[in-house]
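Me: I'm new to reading protein models. Could you walk me through this one with a few questions?

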Amino acid sequence: LFGAWIGYTFERHRLLADPLHGIEHLYDSERGPLEQRDLGPSEPALLRTLRERAREFDRAHCVPD
């Protein structure tokens, strides 16, 4: 993978994002620990929820006001 990738690890899922290119991948650590199946296309609601949690984390910890 090329680009500026950022990874967010949640209770069960991992969200990988390349904001520069608008690419996201969502993986289920329990069902697919090798991260070979991107759930983003089949789980859009979950992707939106975790994307917002990632943004909340960034606003609280990474992005200056």
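Reply: Happy to! Keep in mind that this is a predicted model. Let's begin with Asp18.

Me: Is Asp18 buried or exposed?

Reply: Asp18 sits in strand β2, which covers residues 13-18. Its relative accessibility is 0%, and buried means under 20%. Asp18 therefore counts as buried.

Me: How far apart are the C-alpha atoms of Asp18 and Gly7?

Reply: Along the chain, Asp18 and Gly7 are 11 residues apart. In space, the separation of their C-alpha atoms is 9.0 Å.

Me: Is His25 buried or exposed?

Reply: Look for His25 in strand β3, residues 23-28. Its relative accessibility is 18%, and the cut-off for buried is under 20%. So His25 counts as buried.

Me: With which side chain does the side chain of His25 make a polar contact?

Reply: Leaving aside neighbours within four places in sequence, His25 is in contact with Trp5, Arg14, Leu15, Leu16 and Asp38. A polar contact, at 3.0 Å, links the side chain of His25 to the side chain of Asp38.

Me: Which helix gives the most to the largest nonpolar core?

Reply: That core has eight residues: Tyr8, Phe10, Leu15, Leu26, Leu39, Leu47, Leu50 and Ala54. Three residues of this core come from its top contributor, helix α1.

Me: Which residues is Tyr8 in contact with, leaving aside its neighbours within four places in sequence?

Reply: Tyr8 belongs to the largest nonpolar core, and so do Leu15 and Ala54. With those sequence neighbours set aside, the contacts of Tyr8 are His13, Arg14, Leu15, Ala54 and Asp58.

How values were computed
Residues numbered from 1 in each chain as written. Predicted model: local features only at pLDDT ≥ 70, side-chain atom pairs only at ≥ 80, totals over all residues. Heavy atoms only, no water. Helix = DSSP H or I, 4+ residues; strand = E, 2+ residues; numbered from the N terminus. Buried < 20%, exposed > 50% of the residue type's maximum accessible area, 1.4 Å probe, protein only. Polar contact = N/O pair within 3.5 Å; in protein donor to acceptor, adjacent residues only side chain to side chain. Contact = heavy atoms within 4.5 Å. Core = buried A, V, L, I, M, F, W, Y, C linked by side-chain atoms within 4.5 Å.
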